[in-house]
Amino acid sequence: MGCASSSSAGAEAPAATKEPPQPKDPYRGQRNAEGQRHGDGQAMTPDGTYMGQWADNEMEGMGTMRYKTGNVYEGQWKAGKMEGRGSYMYASGKAEVGCYYGGVDAGVGVRFSADRQRAVQLLNGQPQAEITPEDARNLTAEIGLRIPPPQPKRPPAAAADVQRM
């Protein structure tokens with residue numbers, strides 16, 4: 001199964017040089033000859049903190065975004081958006097694994113309860129049917145990912161995180 005994504009997602013970024021952070025630039029990491037974010041780096045964004053690969057000033061390749069809401073996305077990026085395989089962990093403890101295209105859910109995925117004992121198959125981000133834990137494990141493996149481990153208990157999630165199984 002897997003995800004249909006471009007060949008650059010997850011590819012290593014071209015060689016870059018290590019330079020000190022620019023004044024007032026929330027980015028720390030490698031830059032290309034034009035001074036653009038390029039290679040491995042970390043930056044504060046309006047949404048949270050991104051750590052991972054960059055290309056020509058865009059989040060590109062593998063990376064992790066830790067959102068201010070407490071949600072975390074780990075996976076592939078292209079042109080600054082989630083694209084390819086990825087895991088999205090909600091502050092509430094729920095988690096989704098699947099594919100993304102242009103920053104939105106694309107194709108088949110799985111949403112897990114906070115304790116990972118229940119699962120729902122997704123299609124383009126929409127719940128389709130509850131599935132057995134074994135079917136969820138198999139589908140997650142077909143996508144090419146692992147089931148995210150349950151997260152430790154956290155304070156109640158932000159309103160934006162509230163989603164029903």
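In this predicted model, helix α1 is followed by G144, a residue whose phi is positive, near 100°. The helix that ends before this glycine spans residues 133-143, and its buried residues are A136, L139, T140 and I143. Seen down the axis of α1, these buried residues fall within an arc of 100°, so they line one face of the helix. As for what lies against that face, the cover over the buried residues of α1 includes the strands β7, β8 (95-101), β10 (108-112), β11 (119-123) and β12 (126-131).

Two of the strands that help to cover the helix, β8 and β10, appear again when one turns to the enclosed space in the model. There is one cavity of 30 Å³ or more, and the volume of the largest cavity is about 30 Å³. Its lining is made up of V97, G98, C99, D105, A106, G107, V108, G109, L122, N124 and G125. Strands β8 and β10 each supply at least two residues of this lining, and the largest share, three residues, comes from β8. Sorted by class, the lining of the largest cavity has five nonpolar residues, five polar residues and one charged residue.

Open space is described by the pockets, and here the largest pocket has a volume of about 360 Å³. The elements that give two or more residues to the lining of this pocket are β5 (58-67), β6 (72-78) and β7 (81-89), and β7 is also among the strands that cover the buried residues of α1. In total, 18 residues line the largest pocket, and those that lie nearest its centre are E74, S87, M89, R146 and P148. By class, the lining of the largest pocket consists of seven nonpolar, six polar and five charged residues.

A last stop is a loop residue, N32, which is found between β2 (27-31) and β3 (37-44). Is N32, placed in a loop, buried or exposed? N32 counts as buried because its relative accessibility is 9%, whereas the cut-off for a buried residue is under 20%. The side chain of N32 also takes part in a polar contact of 2.8 Å, and its partner there is the side chain of Q36.

Conventions
Residues numbered from 1 in each chain as written. Predicted model: local features only at pLDDT ≥ 70, side-chain atom pairs only at ≥ 80, totals over all residues. Heavy atoms only, no water. Helix = DSSP H or I, 4+ residues; strand = E, 2+ residues; numbered from the N terminus. Buried < 20%, exposed > 50% of the residue type's maximum accessible area, 1.4 Å probe, protein only. Polar contact = N/O pair within 3.5 Å; in protein donor to acceptor, adjacent residues only side chain to side chain. 1 Å grid on protein atoms, 1.4 Å probe; cavity = no way out; pocket = protein on both sides within 12 Å on 5 of 7 lines; lining within 4 Å. Points joined across faces, edges and corners; volume = space filled by probe spheres on them. Nonpolar A, V, L, I, M, F, W, Y, C, P; charged D, E, K, R; others polar. Arc of directions from axis to C-beta. Contact = heavy atoms within 4.5 Å.
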